[in-house]
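Here's a walk through one chain, strand by strand and contact by contact. Pull it up in your viewer and follow along.

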Amino acid sequence: MTEKQVEMLRKQYPPGTRLCCDEMPDDPRPIESGTIGTVVGVDDAGQIMMKWDNGRSLSLIPGVDSFYTVEQTEELTEDLDEGPVMS
């Protein structure tokens with residue numbers, strides 16, 4: 001990946017961006033489909049470094065892995081669907 005391509009990825013996926021994994025076909029221990037995580041950064045090879053909500057930290061590889069950006073309103077809707085928390 002060229003420096004220009006890496007910089008474009010860094011602009012498209014800044015730290016704090018929320019992504020959802022659809023598929024990681026080439027990984028022997030992939031992140032489960034539907035798992036949401038937070039972008040930590042983009043390394044010099046163009047891999048998107050992630051902190052997944054399930055505690056893992058496996059990077060996404062653009063062009064290999066399938067994923068999409070999660071809008072904040074989408075996450076809020078998912079939280080509301082779970083119903084009230086009783087203590």
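## Two faces of a strand

Let's start with β3, which shows two faces: I48, M50 and W52 make up the covered one, while M49 and K51 sit on the uncovered one. Keep in mind that this is a predicted model.

M50, from the covered face, is a good residue to click on. Skipping its neighbours within four places in sequence, M50 is in contact with L19, G37, T38, V39, V40, R56, S57, L58, S59 and L60.

## The overall layout

Zooming out, the chain has two helices and four strands, and along the sequence they come in the order α-β-β-β-β-α. The chain is 87 residues long, and 30% of those count as buried. About 6,000 Å² of the chain is exposed, with carbon and sulfur atoms supplying 51% of that area.

How much of the contact map is long-range? Taking contacts with a separation of 6 or more, 49% are between residues 24 or more positions apart.

## How the strands pair up

β1 and β2 run antiparallel and are joined by three bridges. One spot to look at here is R18, which stands opposite T38 in β2. On the β3 side, T38 has K51 as its bridge partner, so T38 is a handy residue for tracing from one strand pairing to the next.β2 and β3 also pair in the antiparallel sense, over five bridges. These two strands form a hairpin with five residues between them, and G46 in the turn has a positive phi of about 90°. As for burial, β2 is mostly covered, with five of its seven residues buried.

## The nonpolar core

Which residues touch the most other members of the largest nonpolar core? In this set of 14 residues, they are Y13, L19, I48, M50, W52 and L60. Each of α1, β1, β2 (36–42) and β3 (48–52) supplies at least two residues of the core. β3 gives the most, with three residues.

## One aromatic pair

There is one aromatic pair in the structure. The ring centres of Y13 and F67 are 5.7 Å apart and their planes meet at 65°, so the pair counts as edge-to-face. The angle cut-off behind that label is over 60 degrees.

The pair links distant parts of the chain, with its two residues 54 positions apart. Y13 is in the loop between α1 (3–12) and β1 (18–23), whereas F67 belongs to strand β4 (residues 66–69). Are these two residues buried or exposed? Both Y13 and F67 are buried.

## Two cysteines, zero disulfides

A disulfide is a covalent bond between the sulfur atoms of two cysteines. How many turn up in a search of the whole structure? The search finds zero disulfides. C20 is in none, and the nearest cysteine sulfur, that of C21, is 7.0 Å away. Seen from the other side, the sulfur of C21 has its closest cysteine sulfur in C20, and 7.0 Å is too far for a bond. The cut-off for a disulfide is sulfur atoms within 2.5 Å.

Are the cysteines themselves buried or exposed? C20 has a relative accessibility of 3%, so C20 counts as buried. C21 comes in at 0% and therefore counts as buried too.

## Around C21

C21 is in strand β1. Leaving out residues up to four places away in sequence, C21 touches I31, E32, S33, G34, T35, W52, S66 and F67. Two of those names have come up already: W52 from the covered face of β3 and F67 from the aromatic pair.

For a C-alpha distance to check in your viewer, try C21 and I36: the two are 15 residues apart in sequence and 6.4 Å apart in space.

## A serine in a loop

S59 is found in the loop between β3 and β4. Is this loop residue buried or exposed? S59 has 18% relative accessibility, so S59 counts as buried; the cut-off is under 20%.

Its contacts, again leaving aside neighbours within four places in sequence, are M24, Q47, I48, M49, M50 and D65. That list brings us back to β3, where I48 and M50 are on the covered face and M49 is on the uncovered one.

Conventions
Residues numbered from 1 in each chain as written. Predicted model: local features only at pLDDT ≥ 70, side-chain atom pairs only at ≥ 80, totals over all residues. Heavy atoms only, no water. Phe/Tyr/Trp six-rings, centres within 6.5 Å; stacked < 30°, edge-to-face > 60°. Buried < 20%, exposed > 50% of the residue type's maximum accessible area, 1.4 Å probe, protein only. Core = buried A, V, L, I, M, F, W, Y, C linked by side-chain atoms within 4.5 Å. Contact = heavy atoms within 4.5 Å. Areas by Shrake-Rupley, 256 points an atom, 1.4 Å probe, with all protein chains shown as cover. Pairing = 2+ DSSP bridges.
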